[in-house]
Amino acid sequence: MRLSTILTTLMLTTALTACGGGGGGGHGHIPHTTLPNVGTSIKAVNNTQERTTAYEDAAALVGLTSDTSAEDINKAYENMEKILVQEDVSTATKEDILLSLALVGEDIEELKDMSLDELKSEIQNLDIKEKAEDVYAKLGTERNLSLNDVEFYGPFEDDGYAFIVDENQNVKGLKINHDDSPTGVIEYTNAGNGVYKNTKGYTSYGFVCAISDADGDFYSSHSIIVDKDATKEDIVEAFKNKVKNGGYDTQTEEKVLAWLDSADLGEFLDEDTCEEQGNCFYKESLPQSVKMDSLGKSVGLKYSDFGKVDYNLGNEKGYMAYYGGYKGLEATAQDLPQVDTEMNFEGKSVAIVYVENIGKPDKEKIFNGSMNLNFKDGKETLTADFTDWHKITIASDTANVGEYTFAFEGTPKDADFAFTDEINGTADIKYYGENLKKPDEVVGSACFGETREELDGTSTYIDAEMAFGGVRK
(Lines give C-alpha, C1' and ligand atoms only; values in the text may rest on other atoms or scores of the structure.)
Protein backbone atom coordinates (compact mmCIF):
# COMPACT_ATOMS: atom_id res chain seq x y z
CA MET A 1 0.00 0.00 0.00
CA ARG A 2 1.22 3.52 -0.79
CA LEU A 3 2.92 4.99 2.25
CA SER A 4 0.94 8.23 2.17
CA THR A 5 -2.27 6.19 2.27
CA ILE A 6 -1.09 4.44 5.40
CA LEU A 7 -0.16 7.75 6.97
CA THR A 8 -3.53 9.22 6.09
CA THR A 9 -5.08 6.34 7.97
CA LEU A 10 -2.61 6.34 10.83
CA MET A 11 -1.33 9.86 11.34
CA LEU A 12 1.06 9.63 14.28
CA THR A 13 1.34 12.89 16.19
CA THR A 14 3.19 13.00 19.48
CA ALA A 15 6.33 14.45 18.12
CA LEU A 16 7.19 17.06 15.79
CA THR A 17 9.56 17.06 12.95
CA ALA A 18 8.87 18.03 9.43
CA CYS A 19 10.32 15.90 6.69
CA GLY A 20 8.27 16.78 3.67
CA GLY A 21 7.97 20.23 5.19
CA GLY A 22 10.86 21.40 6.01
CA GLY A 23 32.93 2.85 19.06
CA GLY A 24 33.06 5.87 21.07
CA GLY A 25 30.53 7.71 23.09
CA GLY A 26 31.99 7.25 26.53
CA HIS A 27 29.03 5.55 28.17
CA GLY A 28 31.16 4.25 31.06
CA HIS A 29 29.83 6.65 33.67
CA ILE A 30 26.18 5.66 33.37
CA PRO A 31 24.89 2.15 34.00
CA HIS A 32 22.22 1.23 31.47
CA THR A 33 19.69 -1.34 32.60
CA THR A 34 18.24 -3.49 29.86
CA LEU A 35 14.52 -2.95 29.38
CA PRO A 36 12.03 -5.60 28.24
CA ASN A 37 12.20 -6.49 24.55
CA VAL A 38 9.82 -3.87 23.24
CA GLY A 39 11.53 -3.23 19.91
CA THR A 40 14.03 -0.51 20.76
CA SER A 41 17.73 -0.29 21.54
CA ILE A 42 17.21 2.37 24.20
CA LYS A 43 18.23 1.48 27.75
CA ALA A 44 17.05 2.87 31.07
CA VAL A 45 19.41 5.46 32.54
CA ASN A 46 19.85 5.60 36.32
CA ASN A 47 23.02 7.28 37.57
CA THR A 48 22.15 7.36 41.28
CA GLN A 49 24.49 4.57 42.32
CA GLU A 50 27.23 5.71 39.96
CA ARG A 51 27.34 9.27 41.30
CA THR A 52 27.10 8.02 44.91
CA THR A 53 30.02 5.62 44.44
CA ALA A 54 32.10 8.30 42.70
CA TYR A 55 31.46 10.69 45.57
CA GLU A 56 32.29 8.11 48.24
CA ASP A 57 35.56 7.18 46.51
CA ALA A 58 36.57 10.83 46.13
CA ALA A 59 35.67 11.68 49.73
CA ALA A 60 37.76 8.74 50.97
CA LEU A 61 40.78 9.99 49.00
CA VAL A 62 40.43 13.42 50.57
CA GLY A 63 39.98 11.90 54.03
CA LEU A 64 36.47 13.21 54.58
CA THR A 65 33.87 11.41 56.64
CA SER A 66 30.34 11.72 55.32
CA ASP A 67 26.95 10.11 55.60
CA THR A 68 26.72 10.29 51.80
CA SER A 69 23.52 12.27 51.90
CA ALA A 70 21.94 13.61 48.72
CA GLU A 71 22.75 17.10 49.98
CA ASP A 72 26.46 16.26 50.36
CA ILE A 73 26.63 14.73 46.89
CA ASN A 74 24.81 17.59 45.18
CA LYS A 75 26.98 20.17 46.95
CA ALA A 76 30.17 18.36 45.94
CA TYR A 77 29.24 18.34 42.25
CA GLU A 78 28.06 21.95 42.37
CA ASN A 79 31.40 22.96 43.89
CA MET A 80 33.28 20.91 41.30
CA GLU A 81 31.46 22.66 38.45
CA LYS A 82 32.10 26.09 39.98
CA ILE A 83 35.78 25.45 40.69
CA LEU A 84 36.88 23.44 37.63
CA VAL A 85 34.44 24.51 34.92
CA GLN A 86 33.65 28.11 35.84
CA GLU A 87 37.19 28.40 37.27
CA ASP A 88 35.84 30.32 40.25
CA VAL A 89 37.79 29.60 43.46
CA SER A 90 36.84 32.77 45.31
CA THR A 91 34.93 30.94 48.06
CA ALA A 92 36.53 27.50 47.74
CA THR A 93 38.10 25.73 50.69
CA LYS A 94 41.08 23.38 50.45
CA GLU A 95 38.76 20.40 50.89
CA ASP A 96 36.45 21.73 48.17
CA ILE A 97 39.32 21.87 45.67
CA LEU A 98 40.75 18.47 46.58
CA LEU A 99 37.32 16.82 46.44
CA SER A 100 36.59 18.43 43.06
CA LEU A 101 39.88 17.15 41.64
CA ALA A 102 39.22 13.67 43.02
CA LEU A 103 35.74 13.63 41.46
CA VAL A 104 37.27 14.04 38.00
CA GLY A 105 39.89 11.37 38.60
CA GLU A 106 42.94 13.51 39.32
CA ASP A 107 45.74 12.18 41.55
CA ILE A 108 45.58 14.38 44.65
CA GLU A 109 48.20 12.71 46.88
CA GLU A 110 50.91 15.24 46.03
CA LEU A 111 48.48 18.12 46.45
CA LYS A 112 47.31 17.40 49.98
CA ASP A 113 50.28 19.18 51.61
CA MET A 114 49.73 22.37 49.62
CA SER A 115 48.18 25.43 51.17
CA LEU A 116 44.88 26.80 49.92
CA ASP A 117 46.64 29.55 47.95
CA GLU A 118 49.06 27.05 46.44
CA LEU A 119 46.15 24.81 45.39
CA LYS A 120 44.32 27.74 43.79
CA SER A 121 47.44 28.49 41.78
CA GLU A 122 48.09 24.83 40.93
CA ILE A 123 44.68 24.10 39.40
CA GLN A 124 45.18 26.95 36.95
CA ASN A 125 47.98 24.85 35.43
CA LEU A 126 45.84 21.74 35.06
CA ASP A 127 44.16 21.11 31.70
CA ILE A 128 41.03 19.52 33.14
CA LYS A 129 38.18 21.90 32.31
CA GLU A 130 36.85 19.78 29.45
CA LYS A 131 37.10 16.62 31.53
CA ALA A 132 35.26 18.33 34.41
CA GLU A 133 32.52 19.45 32.02
CA ASP A 134 32.03 15.87 30.89
CA VAL A 135 31.90 14.47 34.44
CA TYR A 136 29.47 17.16 35.55
CA ALA A 137 27.23 16.61 32.53
CA LYS A 138 26.98 12.90 33.30
CA LEU A 139 26.97 12.84 37.09
CA GLY A 140 26.23 16.36 38.27
CA THR A 141 22.47 15.83 38.06
CA GLU A 142 20.68 12.74 39.29
CA ARG A 143 18.92 10.98 36.42
CA ASN A 144 16.38 8.20 36.45
CA LEU A 145 15.04 7.77 32.93
CA SER A 146 12.89 5.06 31.36
CA LEU A 147 11.05 4.61 28.08
CA ASN A 148 8.41 6.90 29.56
CA ASP A 149 10.85 9.74 28.76
CA VAL A 150 11.34 8.78 25.10
CA GLU A 151 9.82 10.43 22.04
CA PHE A 152 10.07 9.04 18.54
CA TYR A 153 9.62 10.89 15.29
CA GLY A 154 8.62 9.98 11.76
CA PRO A 155 9.87 11.64 8.60
CA PHE A 156 6.64 13.48 7.79
CA GLU A 157 5.18 16.47 9.56
CA ASP A 158 3.35 15.54 12.77
CA ASP A 159 4.49 11.90 12.76
CA GLY A 160 5.51 10.38 16.05
CA TYR A 161 4.54 8.26 19.01
CA ALA A 162 5.45 7.41 22.59
CA PHE A 163 5.40 4.36 24.81
CA ILE A 164 2.72 3.67 27.40
CA VAL A 165 4.62 2.85 30.60
CA ASP A 166 2.96 1.79 33.88
CA GLU A 167 4.03 2.66 37.42
CA ASN A 168 6.37 -0.35 37.48
CA GLN A 169 8.15 0.83 34.30
CA ASN A 170 6.58 -1.94 32.22
CA VAL A 171 5.83 -0.95 28.62
CA LYS A 172 2.13 -1.61 28.05
CA GLY A 173 1.84 -0.27 24.53
CA LEU A 174 2.23 2.59 22.08
CA LYS A 175 0.35 5.84 22.56
CA ILE A 176 -0.55 7.41 19.24
CA ASN A 177 -2.14 10.85 19.37
CA HIS A 178 -4.59 11.28 16.54
CA ASP A 179 -6.77 14.23 15.59
CA ASP A 180 -9.38 11.86 14.14
CA SER A 181 -9.96 10.10 17.46
CA PRO A 182 -12.78 11.53 19.60
CA THR A 183 -10.51 11.15 22.64
CA GLY A 184 -7.41 12.42 20.82
CA VAL A 185 -5.53 9.16 21.41
CA ILE A 186 -5.39 5.61 20.08
CA GLU A 187 -3.42 2.90 21.86
CA TYR A 188 -1.74 -0.22 20.51
CA THR A 189 -1.07 -3.03 23.01
CA ASN A 190 2.41 -4.45 23.60
CA ALA A 191 2.50 -8.04 22.32
CA GLY A 192 6.24 -8.53 22.85
CA ASN A 193 9.27 -8.60 20.55
CA GLY A 194 8.57 -5.10 19.32
CA VAL A 195 5.04 -5.91 18.07
CA TYR A 196 2.05 -3.78 19.10
CA LYS A 197 -1.48 -4.94 18.28
CA ASN A 198 -4.67 -3.09 17.49
CA THR A 199 -6.61 -4.97 20.17
CA LYS A 200 -9.29 -2.29 20.34
CA GLY A 201 -10.10 -2.78 16.68
CA TYR A 202 -9.66 0.86 15.73
CA THR A 203 -11.34 1.69 12.43
CA SER A 204 -11.37 4.86 10.35
CA TYR A 205 -14.74 6.17 9.14
CA GLY A 206 -15.33 9.15 6.90
CA PHE A 207 -17.91 10.96 4.83
CA VAL A 208 -18.04 13.14 1.72
CA CYS A 209 -21.07 15.35 1.05
CA ALA A 210 -21.89 18.05 -1.51
CA ILE A 211 -22.60 21.51 -0.10
CA SER A 212 -23.57 24.78 -1.79
CA ASP A 213 -22.72 28.23 -0.50
CA ALA A 214 -22.24 31.72 -1.89
CA ASP A 215 -19.03 30.67 -3.64
CA GLY A 216 -20.63 27.70 -5.38
CA ASP A 217 -20.63 23.91 -4.85
CA PHE A 218 -17.94 22.03 -2.95
CA TYR A 219 -17.43 18.78 -1.12
CA SER A 220 -17.17 18.62 2.64
CA SER A 221 -15.29 15.64 4.06
CA HIS A 222 -14.12 14.49 7.47
CA SER A 223 -12.77 11.30 8.99
CA ILE A 224 -12.81 9.92 12.51
CA ILE A 225 -11.34 6.93 14.34
CA VAL A 226 -13.36 4.80 16.74
CA ASP A 227 -12.87 1.40 18.32
CA LYS A 228 -14.77 -1.81 17.59
CA ASP A 229 -17.38 -1.15 20.28
CA ALA A 230 -18.58 2.11 18.71
CA THR A 231 -22.23 2.20 17.65
CA LYS A 232 -23.60 4.01 14.61
CA GLU A 233 -24.81 6.69 16.98
CA ASP A 234 -21.27 7.06 18.31
CA ILE A 235 -19.92 7.41 14.78
CA VAL A 236 -22.45 10.07 13.80
CA GLU A 237 -21.81 11.99 17.01
CA ALA A 238 -18.07 11.90 16.35
CA PHE A 239 -18.68 13.18 12.80
CA LYS A 240 -20.75 16.06 14.17
CA ASN A 241 -18.04 17.02 16.64
CA LYS A 242 -15.48 17.11 13.83
CA VAL A 243 -17.76 19.34 11.76
CA LYS A 244 -18.34 21.70 14.69
CA ASN A 245 -14.59 22.10 15.03
CA GLY A 246 -14.02 22.30 11.28
CA GLY A 247 -13.86 26.08 10.95
CA TYR A 248 -17.02 26.45 8.86
CA ASP A 249 -19.18 29.54 8.86
CA THR A 250 -22.44 29.04 10.72
CA GLN A 251 -24.61 28.52 7.62
CA THR A 252 -22.29 25.92 6.05
CA GLU A 253 -21.89 24.07 9.36
CA GLU A 254 -25.66 23.82 9.69
CA LYS A 255 -25.94 22.39 6.17
CA VAL A 256 -23.33 19.69 6.83
CA LEU A 257 -24.92 18.76 10.16
CA ALA A 258 -28.34 18.59 8.52
CA TRP A 259 -26.94 16.24 5.85
CA LEU A 260 -25.53 13.97 8.57
CA ASP A 261 -28.92 13.87 10.29
CA SER A 262 -30.68 12.84 7.09
CA ALA A 263 -28.06 10.48 5.60
CA ASP A 264 -28.23 6.69 5.80
CA LEU A 265 -25.21 5.28 7.65
CA GLY A 266 -26.01 1.78 6.51
CA GLU A 267 -23.55 1.43 3.62
CA PHE A 268 -19.80 2.07 3.71
CA LEU A 269 -17.65 2.37 0.58
CA ASP A 270 -13.88 2.46 0.26
CA GLU A 271 -12.37 5.93 0.51
CA ASP A 272 -11.38 6.37 -3.16
CA THR A 273 -14.83 5.35 -4.42
CA CYS A 274 -16.54 7.62 -1.92
CA GLU A 275 -14.38 10.61 -2.86
CA GLU A 276 -15.24 10.10 -6.55
CA GLN A 277 -18.95 9.53 -5.92
CA GLY A 278 -19.71 12.00 -3.12
CA ASN A 279 -22.64 12.00 -0.68
CA CYS A 280 -21.48 8.77 0.94
CA PHE A 281 -19.65 7.17 3.85
CA TYR A 282 -16.46 5.15 3.78
CA LYS A 283 -14.69 2.77 6.12
CA GLU A 284 -11.06 1.66 6.44
CA SER A 285 -9.45 -0.65 8.97
CA LEU A 286 -6.35 0.65 10.67
CA PRO A 287 -3.25 -1.57 10.80
CA GLN A 288 -3.86 -4.76 12.76
CA SER A 289 -0.38 -4.47 14.23
CA VAL A 290 2.80 -2.43 14.01
CA LYS A 291 6.33 -3.67 14.61
CA MET A 292 9.38 -1.65 15.54
CA ASP A 293 12.27 -2.91 13.42
CA SER A 294 15.20 -1.32 15.29
CA LEU A 295 18.58 -0.71 13.68
CA GLY A 296 19.85 1.05 16.78
CA LYS A 297 20.47 -2.33 18.38
CA SER A 298 23.06 -3.30 15.78
CA VAL A 299 24.75 0.12 15.93
CA GLY A 300 25.01 0.13 19.73
CA LEU A 301 22.73 3.07 20.49
CA LYS A 302 21.59 3.49 24.10
CA TYR A 303 20.10 6.96 24.30
CA SER A 304 18.33 6.88 20.93
CA ASP A 305 17.10 4.55 18.22
CA PHE A 306 16.13 4.46 14.55
CA GLY A 307 14.82 2.02 11.98
CA LYS A 308 11.48 1.35 10.37
CA VAL A 309 7.98 0.58 11.58
CA ASP A 310 6.32 -2.32 9.74
CA TYR A 311 2.54 -2.06 9.39
CA ASN A 312 0.42 -5.19 9.05
CA LEU A 313 -2.71 -4.22 7.15
CA GLY A 314 -4.05 -7.74 6.80
CA ASN A 315 -3.47 -8.57 3.14
CA GLU A 316 -0.97 -5.73 2.67
CA LYS A 317 2.03 -4.32 4.45
CA GLY A 318 3.52 -0.86 4.72
CA TYR A 319 6.60 0.77 6.17
CA MET A 320 7.64 4.05 7.73
CA ALA A 321 11.00 5.23 9.03
CA TYR A 322 11.37 6.33 12.65
CA TYR A 323 14.02 7.87 14.89
CA GLY A 324 14.25 9.55 18.29
CA GLY A 325 15.25 9.02 21.89
CA TYR A 326 15.35 10.62 25.33
CA LYS A 327 13.80 14.06 24.91
CA GLY A 328 15.81 15.48 27.80
CA LEU A 329 19.10 14.30 26.27
CA GLU A 330 18.40 15.67 22.77
CA ALA A 331 20.09 18.47 20.82
CA THR A 332 20.35 19.81 17.28
CA ALA A 333 23.37 21.17 15.44
CA GLN A 334 22.54 24.68 16.60
CA ASP A 335 22.86 23.54 20.24
CA LEU A 336 26.39 22.15 19.80
CA PRO A 337 29.66 24.14 19.95
CA GLN A 338 29.90 26.10 16.72
CA VAL A 339 33.66 26.74 16.59
CA ASP A 340 36.80 24.64 17.04
CA THR A 341 34.70 21.47 17.17
CA GLU A 342 34.79 18.35 15.03
CA MET A 343 33.02 15.05 15.69
CA ASN A 344 32.50 11.97 13.54
CA PHE A 345 29.71 9.42 13.84
CA GLU A 346 29.45 6.02 12.17
CA GLY A 347 26.47 3.71 11.84
CA LYS A 348 23.76 2.47 9.50
CA SER A 349 20.88 3.74 7.40
CA VAL A 350 17.67 2.44 5.90
CA ALA A 351 15.61 3.84 3.02
CA ILE A 352 12.07 3.12 1.88
CA VAL A 353 11.70 4.02 -1.80
CA TYR A 354 8.42 4.18 -3.72
CA VAL A 355 7.94 4.43 -7.50
CA GLU A 356 4.69 5.26 -9.28
CA ASN A 357 4.28 5.30 -13.04
CA ILE A 358 0.83 5.61 -14.60
CA GLY A 359 0.00 2.44 -16.48
CA LYS A 360 2.54 0.32 -14.61
CA PRO A 361 2.40 -1.42 -11.21
CA ASP A 362 3.68 0.61 -8.27
CA LYS A 363 6.99 -0.52 -6.83
CA GLU A 364 8.42 -0.25 -3.33
CA LYS A 365 11.76 -1.42 -1.99
CA ILE A 366 13.81 -1.28 1.21
CA PHE A 367 17.51 -0.42 0.89
CA ASN A 368 20.07 -0.79 3.69
CA GLY A 369 23.38 0.99 3.91
CA SER A 370 26.11 2.57 6.00
CA MET A 371 26.11 6.04 7.53
CA ASN A 372 28.88 8.52 8.30
CA LEU A 373 28.27 11.99 9.68
CA ASN A 374 30.85 14.70 10.18
CA PHE A 375 30.03 17.68 12.39
CA LYS A 376 32.56 20.46 12.09
CA ASP A 377 32.21 24.01 13.35
CA GLY A 378 28.43 23.89 13.21
CA LYS A 379 28.18 22.24 9.78
CA GLU A 380 26.94 18.72 9.10
CA THR A 381 27.85 16.39 6.25
CA LEU A 382 26.04 13.06 6.16
CA THR A 383 26.99 10.27 3.76
CA ALA A 384 24.62 7.31 3.42
CA ASP A 385 25.92 4.60 1.11
CA PHE A 386 23.22 2.09 0.15
CA THR A 387 23.80 -1.35 -1.32
CA ASP A 388 22.33 -1.60 -4.86
CA TRP A 389 21.07 2.00 -4.71
CA HIS A 390 22.72 5.42 -4.37
CA LYS A 391 25.42 6.98 -2.28
CA ILE A 392 23.73 10.08 -0.91
CA THR A 393 25.46 13.13 0.56
CA ILE A 394 23.33 15.47 2.66
CA ALA A 395 25.07 18.65 3.81
CA SER A 396 24.14 21.75 5.75
CA ASP A 397 23.04 24.55 3.46
CA THR A 398 25.49 27.30 4.39
CA ALA A 399 23.03 29.97 3.27
CA ASN A 400 19.99 28.65 5.15
CA VAL A 401 20.21 27.41 8.74
CA GLY A 402 18.37 24.14 9.24
CA GLU A 403 18.19 23.32 5.52
CA TYR A 404 20.22 20.78 3.57
CA THR A 405 21.52 20.09 0.07
CA PHE A 406 21.34 16.62 -1.51
CA ALA A 407 23.67 14.92 -3.99
CA PHE A 408 23.45 11.40 -5.47
CA GLU A 409 26.17 9.10 -6.79
CA GLY A 410 26.07 5.67 -8.38
CA THR A 411 23.61 3.80 -10.58
CA PRO A 412 21.00 1.55 -8.91
CA LYS A 413 20.71 -2.01 -10.17
CA ASP A 414 17.03 -1.33 -10.76
CA ALA A 415 16.82 1.83 -12.87
CA ASP A 416 13.24 2.46 -11.74
CA PHE A 417 14.60 3.49 -8.33
CA ALA A 418 17.18 5.94 -9.69
CA PHE A 419 17.24 9.61 -8.82
CA THR A 420 18.51 11.59 -11.78
CA ASP A 421 19.32 15.04 -10.44
CA GLU A 422 20.53 16.92 -7.42
CA ILE A 423 17.30 17.79 -5.66
CA ASN A 424 16.03 19.67 -2.67
CA GLY A 425 14.89 17.47 0.18
CA THR A 426 14.32 17.86 3.87
CA ALA A 427 16.26 16.34 6.73
CA ASP A 428 16.16 16.34 10.50
CA ILE A 429 19.24 15.40 12.54
CA LYS A 430 19.23 14.99 16.31
CA TYR A 431 22.07 14.33 18.73
CA TYR A 432 21.81 12.46 22.02
CA GLY A 433 23.96 12.09 25.11
CA GLU A 434 24.39 13.26 28.66
CA ASN A 435 27.03 15.80 27.70
CA LEU A 436 25.44 17.57 24.77
CA LYS A 437 28.63 19.49 24.03
CA LYS A 438 30.01 16.07 23.04
CA PRO A 439 26.97 13.93 22.20
CA ASP A 440 27.46 10.18 22.04
CA GLU A 441 24.90 9.40 19.34
CA VAL A 442 23.15 10.84 16.31
CA VAL A 443 19.93 9.77 14.59
CA GLY A 444 17.70 11.40 12.03
CA SER A 445 15.72 11.17 8.83
CA ALA A 446 15.50 12.61 5.36
CA CYS A 447 12.93 12.53 2.59
CA PHE A 448 13.00 13.62 -1.02
CA GLY A 449 11.24 12.99 -4.31
CA GLU A 450 11.20 13.88 -7.97
CA THR A 451 9.17 13.41 -11.14
CA ARG A 452 10.98 11.93 -14.15
CA GLU A 453 9.82 12.42 -17.70
CA GLU A 454 10.12 9.11 -19.59
CA LEU A 455 10.93 8.58 -23.27
CA ASP A 456 7.44 7.21 -23.95
CA GLY A 457 5.87 10.48 -22.76
CA THR A 458 4.79 9.20 -19.36
CA SER A 459 5.98 10.49 -16.01
CA THR A 460 7.44 8.51 -13.13
CA TYR A 461 7.19 9.77 -9.59
CA ILE A 462 9.78 8.48 -7.14
CA ASP A 463 10.10 9.38 -3.49
CA ALA A 464 12.14 8.13 -0.58
CA GLU A 465 12.26 8.40 3.16
CA MET A 466 15.26 7.29 5.13
CA ALA A 467 16.38 6.98 8.73
CA PHE A 468 19.93 6.76 10.00
CA GLY A 469 21.90 6.59 13.20
CA GLY A 470 25.40 6.15 14.58
CA VAL A 471 27.78 6.55 17.51
CA ARG A 472 30.61 9.02 17.97
CA LYS A 473 34.05 7.66 17.09
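Cys274 counts as buried because its relative accessibility is 0%, where buried denotes under 20% relative accessible area, exposed over 50%, and partly exposed the range in between (1.4 Å probe, protein chains only). The model is predicted, so local features were required to have a pLDDT of at least 70 and side-chain atom pairs a pLDDT of 80 or more, whereas totals for chains, interfaces and linings use all residues. Residues are numbered from 1 along each chain as its sequence is written, and side-chain values rest on heavy atoms, with hydrogens and water left out.

The structure contains 1 disulfide, a term applied to a pair of cysteine sulfur atoms within 2.5 Å. This disulfide is formed by Cys274 and Cys280, whose sulfur atoms lie 2.2 Å apart. The torsion about the S-S bond of Cys274 and Cys280 is about 115°, and the disulfide is therefore right-handed. Cys280 is also buried, given its relative accessible area of 6%. Cys209 takes part in no disulfide; the nearest cysteine sulfur belongs to Cys280, at 9.5 Å. With a relative accessible area of 0%, Cys209 is likewise buried.

Helices (H or I, at least four residues) and strands (E, at least two) are DSSP runs numbered from the N terminus, and two strands pair if DSSP finds at least two bridges between them. An open sheet of 3 strands follows the order β10-β9-β11 and is paired in antiparallel fashion. Strands β10 (216-226) and β11 (280-285) each have a single partner strand, so one side of each lacks a neighbour in the sheet. On average, neighbouring strands of this sheet are turned by 20° against each other, direction ignored; axes are lines fitted to C-alpha atoms, for helices over the stretch in contact, and angles run from 0 to 180 degrees between N-to-C directions. Strand β9 (residues 203-213) is joined to the antiparallel β10 by 11 bridges, and Ser204 has Ile225 in β10 as its bridge partner.

Helix α7 (residues 232-244) packs on this sheet and touches β9, β10 and β11, its direction making about 125° with that of β10; contact here means heavy atoms within 4.5 Å. Helix α8 (residues 250-262) also lies across β9, β10 and β11, and runs at about 125° to β9.

A further open sheet is formed by 9 strands in the order β15-β21-β22-β23-β16-β17-β18-β19-β20, with antiparallel pairing. Its edge strands, β15 (330-331) and β20 (404-409), each pair on one side only. Strands β22 (residues 441-453) and β23 (residues 459-472) run antiparallel and are joined by 13 bridges. Thr451 stands opposite Tyr461 in β23.
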